[in-house]
Amino acid sequence: MNESSGRPRAPITEADVLAWLETTAAAVRAGEMSAPELIELLGELRRASAACADASDWALLAAREEGASLRQIAPVFGKGYVRAPAARLEKLHRQAQNSGQWLAILRHKNEGAR
């Protein structure tokens with residue numbers, strides 16, 4: 001967790017991903033990665049993507065608990081209206097009522113994956 005500004009930051013940024021992608025693409029072009037290695041990498045990326053989505057869901061729940069309105073949250077979803085975060089919250093609330101419950105679900109899921 002990057003806390004240089006005094007608050008937690010996302011563990012990975014778009015710039016981090018692009019830099020990694022450029023390096024990895026160069027390795028593929030140079031013949032340094034086989035198809036099976038790329039398939040393994042694909043699996044790692046899919047799991048990391050799911051973990052980022054879970055973290056995003058936690059942050060959504062936490063933001064609402066801290067008093068953020070749907071109108072404040074909506075721009076993060078890339079839309080100028082509140083339907084996207086509202087729909088996501090509705091779906092999340094079928095599983096957890098708050099960010100603490102969601103974190104417990106994620107812990108349990110992670111333990112089961114080991």
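Among contacts (heavy atoms within 4.5 Å) between residues at least 6 apart in sequence, 44% join residues at least 24 apart. Keep in mind that this is a predicted model: local features need pLDDT of at least 70, side-chain atom pairs count only at pLDDT 80 or more, and totals for chains, interfaces and linings use all residues. Residues are numbered from 1 along each chain as its sequence is written, and side-chain values use heavy atoms, with hydrogens and water left out.

**Fold and dimensions**
- You get 5 helices and 0 strands here, going by DSSP runs (helices are H or I, at least four residues; strands are E, at least two), numbered from the N terminus.
- In sequence order that reads α-α-α-α-α.
- The C-alpha trace spans about 50 × 35 × 30 Å along its principal axes.

**Core**
- Just 18% of the 114 residues count as buried, meaning under 20% relative accessible area with a 1.4 Å probe, protein chains only.
- The largest nonpolar core has 10 residues, among them Leu 60, Leu 61, Ile 73, Leu 89 and Trp 102; such a core is a set of buried Ala, Val, Leu, Ile, Met, Phe, Trp, Tyr and Cys residues joined through side-chain atoms within 4.5 Å.
- Helices H2 (35-65), H3 (70-73), H4 (83-93) and H5 (99-113) each give two or more residues to this core.
- Leaving aside residues up to four places away in sequence, Leu 61 touches Leu 89, Leu 92, His 93, Asn 98, Ser 99 and Trp 102.

Definitions and conventions:
Buried means under 20% relative accessible area, exposed over 50%, partly exposed in between (1.4 Å probe, protein chains only).
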